[in-house]
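Trainee: I have a model open and would like to go through it with you, one piece at a time. Can we start with a single residue and work outwards?

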Amino acid sequence: MRGLRKSFGDLEVVGGVDLEVASGECFGLLGPNGAGKTTTLKLCLGLADPDAGEIELLGEPVPRRAREARARVGVVPQFDSLDPDFTVAENLLVFGRYFGISQREMASRIPALLEFAGLSARGEARINTLSGGMKRRLTLARALVNDPQLIVMDEPTTGLDPQARHLIWERLRQLTQQGKTLVLTTHFMEEAERLCQRLAIMDHGRIIAQGSPRSLIAEHTERQVVEVHGPGVEDWMAQAKRLAPRVERVGDTVFCYAEDVASILKDLSAKSDLTYLHRAASLEDVFLKLTGRDLRD
Amino acid sequence: MARRNYFAPPSLSLRWIAVWRRNALVWQKLAIPSILGNLADPLIMLFGLGYGLGAMVGQMQGTSYFAFLAAGFVATSSMYAATFEALYSAFSRMHVQRTWEAIVNAPVTLDDVLAGEYAWAATKALSAGACMLIIVAAFGYAQFPHGLAALPVILLIGLAFSGMGLAINALARGYDFFSYYMTLVLTPMMMLSGVFFPLEQMPAAVQAGAKVLPLYHGVALVRPLLSGQMPPALLLHVCVLAAYAAGGFYLATVLTRRRLLK
């Protein structure tokens, strides 16, 4: 997509986005709530019309030939939209019909899809008896009914517990290994770091950084972080600013970012009124540096 | 890139059938309670008023009051079945369950989804009207073969009210909104369409106004057919109903695009 723009009234939700996703890669779109991630995906699928810009989805111009393009795409929407009136297997069967897949063809595909979702024993179960993780896996299996080349996922693991999340990640890796292209939005940095070969960080409708997780960390933040808190933190601030090239204070915690933190750690070890945590910089630090620490509601 | 024109004619594919079949599969599971629910209300009204009031009224326009009322109720049951499906059920699928949202991720357009819903609501109207017709016939108040010609009329009434209902659905914020349409539009329409009494009882101005109502034209077709006659001004009544069916669907398409394709 090139030069993509979209406004709702006076509010510009997507303001000039250029993105390219290569075949076979897992691409992550990161951003705080309201950054324009979901709208970007909707535009890309032809479910909303851009005010400006060009979109090509699997070689088809969108929105003009969005229907043809969507025939080869699987979508995992942000909100649960499974059909509560149907069983697990019926959900897959009925969804297959929207792609023009016959009942007989679906009958042969359903067992493999259920196995992929870890729901082989639950084919006849009703949707409201499933846990959140099962529903999410079924939604993922539903996105695969047409054996898509590209799978688009809007926050695939939001609201799941760690066990359920790890299982989804494992399944997504399987899909990448099968050569599928994955595009996902998330605000879990850990998820992005683990799954995605390439990321774009989006805020206020614009892409503010792009690259592999490692290169983003190397490019945008110092390598080490020391988080300090305790009653003496107020007095220690001045010292911190001398020792670290970048210092941020959030409430009672001071974040010191530096390439080499030996001098900071040495200084801290002599302070009994401060507790500290030393760690390597992560994608989350990049994210917070680029998008700020203000709450987004 | 030009913005989508909300007023463009519906762009449809045969995928609407998959949407229709989705609703049909749900209905299969609940068919019997659904039919009973659709029929109980009009049947109680019909038998209560038909026998109770009928005993006092006696003849109406040359037939028994029960026969007069029965024809009105066949048309009305189609109106209500289509309306309930296009309002409450469609709203659940559009807004509450996000079913439409899931479907448009497949190679199915919003116009296809609406066409499927439109056809489905009309199908339910046809089945409700047909059940009424069978019951009325069982009591000897329908003449055949003319009575069979009431079936396409029932379907046409269903299409007219499906289109209108889906247009109202596109404007709704919640289920409460529908009670305005039911009480302010449908109930007066039922009073003014010759269901309970001939429209000729009304002042001339009201009569003229009532003749734009789709139910009036539906009743004007069904009543003669059930008594074994060809309806006078047949083509006019069919054309008015067809115009409501087409216009309602078009309006529903425009309003739903405006609501969902932002």
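Trainee: Which residues does A:Tyr276 touch, not counting residues up to four places away in sequence?

Mentor: Bearing in mind that this is a predicted model, A:Tyr276 touches A:Val226, A:Glu227, A:Val228 and A:Leu268 once residues up to four places away in sequence are left out.

Trainee: And which strand is A:Tyr276 found in?

Mentor: A:Tyr276 belongs to strand β14 of chain A, which is part of an open sheet of four strands with the order β12-β13-β11-β14 and antiparallel pairing. In that sheet β12 (246-250) and β14 (275-280) of chain A stand at the edges with a single partner strand each, so one side of each has no neighbour in the sheet. Between neighbouring strands of this sheet the average turn is 20°, direction ignored.

Trainee: Is A:Tyr276 buried, exposed or partly exposed?

Mentor: A:Tyr276 has 19 other C-beta atoms within 10 Å, and because a buried residue needs 20 or more, A:Tyr276 counts as partly exposed.

Trainee: What about the middle of the sheet, how many bridges join β11 to β13 of chain A?

Mentor: Six bridges join β11 (residues 224-229) to β13 (residues 253-258) of chain A, and these two strands run antiparallel. Within that pairing, A:Val226 stands opposite A:Cys256 of β13(A), and A:Val226 is also one of the residues that A:Tyr276 touches.

Trainee: Which helix lies across β11, β12 and β13 of chain A?

Mentor: That is helix α9 (residues 233-243) of chain A, which runs at about 10° to β13(A).

Trainee: Zooming out, how is chain A divided?

Mentor: Chain A has domain 1 (2-218) and domain 2 (222-280), and the C-alpha centres of the two lie 40 Å apart.

Trainee: Switching to chain B, why does the length of helix α1 agree with what we should expect?

Mentor: Helix α1 (residues 16-29) of chain B has 14 residues, which at 1.5 Å a residue should span 20 Å, and its end C-alpha atoms are 21 Å apart, so the two agree.

Trainee: Which residues in α1(B) are buried, and what covers them?

Mentor: The buried ones are B:Trp16, B:Ala18, B:Val19, B:Arg22, B:Asn23 and B:Val26, and their cover includes α3 (88-97) of chain A as well as α4 (99-103) and α5 (110-138) of chain B.

Trainee: Where in chain B is confidence lowest, and where is it highest?

Mentor: The lowest is strand β1 (residues 59-60) of chain B, with a mean of 83, and the highest is helix α6 (residues 150-171) of chain B, at 97. Chain B has a mean pLDDT of 91, while the model scores ipTM 0.87 and pTM 0.90.

Note on methods. Residues numbered from 1 in each chain as written. Chains lettered and ligands numbered in written order. Predicted model: local features only at pLDDT ≥ 70, side-chain atom pairs only at ≥ 80, totals over all residues. Expected span 1.5 Å × (residues − 1). Buried ≥ 20, exposed ≤ 12 C-beta atoms within 10 Å, placed from the backbone. Contact = placed C-beta atoms within 7 Å. Domains from an automatic or database assignment. Pairing = 2+ DSSP bridges. Axes fitted to C-alpha atoms, helices over the stretch in contact; angles between N-to-C directions. pLDDT = per-residue confidence, 0-100.
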